Amino acid sequence: MDCSDGYMCKTHFQIKNEMMESQPGTSAHVQTCLPMEEALELPLDDFEVTETAAATEVVKYEYHVLYSCSYQVPVLYFRASFLDGRPLALKDIWDGVRECYKTRLQQGPWDTITQQEHPILGRPFFVLHPCKTNEFMAPVLKNARKINRNVNYITSWLSIVGPVVGLNLPLSYARAASQDE
């Protein structure tokens, strides 16, 4: 079997909005990323429209799931760029990782975010290293066997690794997977 037969792809647009947010007694620099559909639905007054337009940029996220022949597990490749084509740097990607994941990511190489060539497209992508995928998926599979339940491996895996880099699966994925049983 040729491991480079294809890949699954999802493209997502987000509005990256850097703004100052003041709350009573505090002041902090806050970066918010909303799905574009949600951000465009927010009501704004005239002042906010002018201020937001100046500080808002749309970021295109492209996620690819490939199969690693070496590790025999799925691998998440992704890239992010502004609409004018400027890519986000690795520092920007790390800055976008939620704090609850950063400590664990920086402790070991199992899911470290690195940049490498996409094995099919030959272009630079970021990747979550797959070497510990079997290790963190084993309890998921074991618990499913305990309760005599089938598991959609890709959906379960993506629900674990996706949020690390901003790929959140809709609840409908889990519902669809459970209906397939």
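1. Ser 68 is a friendly place to start: this residue is found in strand 3, which covers residues 56–68. Please keep in mind as you read that the model is predicted. Is Ser 68 buried or exposed? Ser 68 counts as buried because its relative accessibility is 11%, and the cut-off for buried is under 20%. Its side chain also has a polar partner in the backbone: a polar atom of that side chain lies 3.1 Å from the backbone nitrogen of Tyr 71. If you set aside the neighbours within four places in sequence, Ser 68 is in contact with Val 73 and Val 75.

2. Now step back to the whole chain. Counting elements gives seven helices and six strands. Followed along the sequence, they come in the pattern β-β-α-α-β-β-α-α-β-β-α-α-α. The chain has 181 residues, and 30% of them count as buried. How much of the contact network joins residues at least 24 apart? Taking contacts between residues at least 6 apart in sequence, the share is 50%.

3. Go back to strand 3 and look for Glu 62, which has its place there. Glu 62 has a charged side chain, yet Glu 62 counts as buried, because its relative accessibility is 12% and buried means under 20%. Which side chain does Glu 62 meet in a polar contact? The partner is His 64, at 2.8 Å. Leaving out residues up to four places away in sequence, Glu 62 touches Cys 9, Lys 10 and Thr 11, then Tyr 77, Phe 78 and Arg 79, and finally Phe 125. Try selecting these residues in the viewer to see what surrounds Glu 62.

4. The aromatic rings deserve a look of their own. The count of aromatic pairs comes to three. One of them joins Tyr 61 and Tyr 63, with ring centres 6.2 Å apart and planes at 10° to each other. Why is this pair called stacked? Planes under 30 degrees apart count as stacked, so the 10° between these two rings fits that label. Both tyrosines count as buried: Tyr 61 has a relative accessibility of 11%, and Tyr 63 has 2%. Tyr 61 and Tyr 63 also belong to one aromatic cluster together with Phe 78 and Phe 126. Phe 78 may sound familiar, since it is among the residues that Glu 62 touches.

5. Arg 79, another residue touched by Glu 62, leads us to Arg 123. Where is Arg 123 placed? Arg 123 sits in the loop between strand 5 (113–117) and strand 6 (124–128). Its relative accessible area is 40%, so Arg 123 is partly exposed. Arg 123 and Arg 79 are 44 residues apart in sequence, while their C-alpha atoms are 9.9 Å apart in space. Beyond residues up to four places away in sequence, Arg 123 touches Arg 79, Gln 116, Glu 117 and His 118.

6. Helices 5 and 6 make a good packing example. Helix 5 spans residues 133–146 and helix 6 spans residues 153–161; they pack at an angle of about 120°, and their axes are 11 Å apart. Their crossing is right-handed. Helix 5 brings Thr 133, Asn 134, Phe 136, Met 137, Val 140 and Leu 141 to the contact, and helix 6 brings Tyr 153, Ser 156, Trp 157, Ile 160 and Val 161. What kinds of residue make this contact? They divide into eight nonpolar and three polar, with no charged residue. It helps to remember that an α-helix has 3.6 residues a turn, so residues three or four places apart point the same way.

7. Stay with helix 6 for a moment. Its buried residues are Thr 155, Ser 156, Trp 157, Leu 158 and Val 161. At its N-terminal end there is a cap: a side-chain oxygen of Asn 152 lies 3.2 Å from the backbone nitrogen of Ile 154.

8. Finally, check two backbone angles. Gln 72 is not a glycine, yet its phi is positive, at about 55°. Gln 72 has its place in the loop between strand 3 and strand 4 (73–82), and it is exposed, with a relative accessible area of 57%. Asn 148 also has a positive phi of about 55° without being a glycine. Asn 148 lies in the loop between helix 5 and helix 6, and it counts as exposed at 73% relative accessibility.

Notes: Residues numbered from 1 in each chain as written. Predicted model: local features only at pLDDT ≥ 70, side-chain atom pairs only at ≥ 80, totals over all residues. Heavy atoms only, no water. Axes fitted to C-alpha atoms, helices over the stretch in contact; angles between N-to-C directions. Helix = DSSP H or I, 4+ residues; strand = E, 2+ residues; numbered from the N terminus. Left-handed = near helix turned anticlockwise from the far one by under 90°. Contact = heavy atoms within 4.5 Å. Phe/Tyr/Trp six-rings, centres within 6.5 Å; stacked < 30°, edge-to-face > 60°. Buried < 20%, exposed > 50% of the residue type's maximum accessible area, 1.4 Å probe, protein only. Polar contact = N/O pair within 3.5 Å; in protein donor to acceptor, adjacent residues only side chain to side chain.
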